[in-house]
Amino acid sequence: MGASKTEHFTEQQNQIATIAKALGHPARVAIIEYLMSVDTCICGDIVNELPLAQPTVSQHLKELKNAGLIKGSIEGNAICYCIDENTFEILKNYFSMIITKANKQECC
């Protein structure tokens with residue numbers, strides 16, 4: 001497989017692609033939806049909600065955190081996860097811009 005050549009794209013394009021890739025798995029979408037419904041939780045709470053093993057949930061949390069979609073803070077011997085509002089603001093602005101431009105275009 002060839003190099004992705006990400007250096008040929010803007011910082012915003014690379015950021016949106018990273019976020020979209022992290023959202024490209026239904027388990028991660030389910031985790032985001034769960035975190036939105038409870039505000040904050042620990043990994044064990046998510047494991048109880050999803051049909052996935054704890055190591056699998058942890059890997060999905062890691063991918064979401066690396067993409068900036070969630071953040072975690074240490075509380076005792078557990079990590080408490082929540083949505084990173086800043087990243088969702090970036091997504092909101094990006095998709096608003098796309099929708100606005102798409103609505104103004106005349107299709108071929």
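Which residues does cysteine 80 touch, not counting residues up to four places away in sequence? The legends below address this and other close-up views. The model is predicted: local features need pLDDT of at least 70, side-chain atom pairs count only at pLDDT 80 or more, and totals for chains, interfaces and linings use all residues. Residues are numbered from 1 along each chain as its sequence is written, and side-chain values use heavy atoms, with hydrogens and water left out.

**View A. Surroundings of cysteine 80 in strand E3.** Cysteine 80 touches Thr40, Cys41, Ile42, Lys71, Gly72, Ser73 and Glu75, apart from residues up to four places away in sequence; contact means heavy atoms within 4.5 Å. Strands (E, at least two residues) and helices (H or I, at least four) are DSSP runs, numbered from the N terminus. Because its relative accessibility is 10%, cysteine 80 counts as buried; buried means under 20% relative accessible area, exposed over 50%, and partly exposed in between (1.4 Å probe, protein chains only). Lysine 92 is 12 residues from cysteine 80 in sequence and 24 Å from it in space, C-alpha to C-alpha.

**View B. The largest nonpolar core, with 20 residues.** Such a core is a set of buried Ala, Val, Leu, Ile, Met, Phe, Trp, Tyr and Cys residues joined through side-chain atoms within 4.5 Å. Ile31, Leu35, Ile46, Leu61, Leu64, Leu69 and Ile70 touch the most other members. Two or more residues each are given by helices H1 (11-22), H2 (26-38), H3 (43-49) and H4 (54-66) and by strand E3 (78-83). H2 supplies the largest share, four residues. Beyond its neighbours within four places in sequence, isoleucine 46 is in contact with Ile31, Tyr34, Leu35, Cys41, Val57 and Leu61.

**View C. The two sides of helix H2.** H2 has 13 residues and reaches 18 Å from its first C-alpha to its last, close to the expected 18 Å, the expected span being 1.5 Å times one less than the number of residues. Its buried residues are Ala27, Arg28, Ile31, Ile32, Tyr34 and Leu35. They lie on the same side of H2, because they cover an arc of only 165° around the axis; the arc is that of the directions from the helix axis to the C-beta atoms. Pro26, Glu33 and Ser37 are exposed on the other side. Aspartate 39, just after H2, takes a positive phi of about 75°.

**View D. The one aromatic pair in the whole structure.** The ring centres of tyrosine 94 and phenylalanine 95 are 5.5 Å apart and their planes are at 75°, so the pair is edge-to-face. Rings of Phe, Tyr and Trp (its six-membered ring) pair if their centres lie within 6.5 Å; planes under 30 degrees apart count as stacked, over 60 as edge-to-face and the rest as tilted. Tyrosine 94 is partly exposed, with a relative accessible area of 22%, and phenylalanine 95 is partly exposed at 43%.
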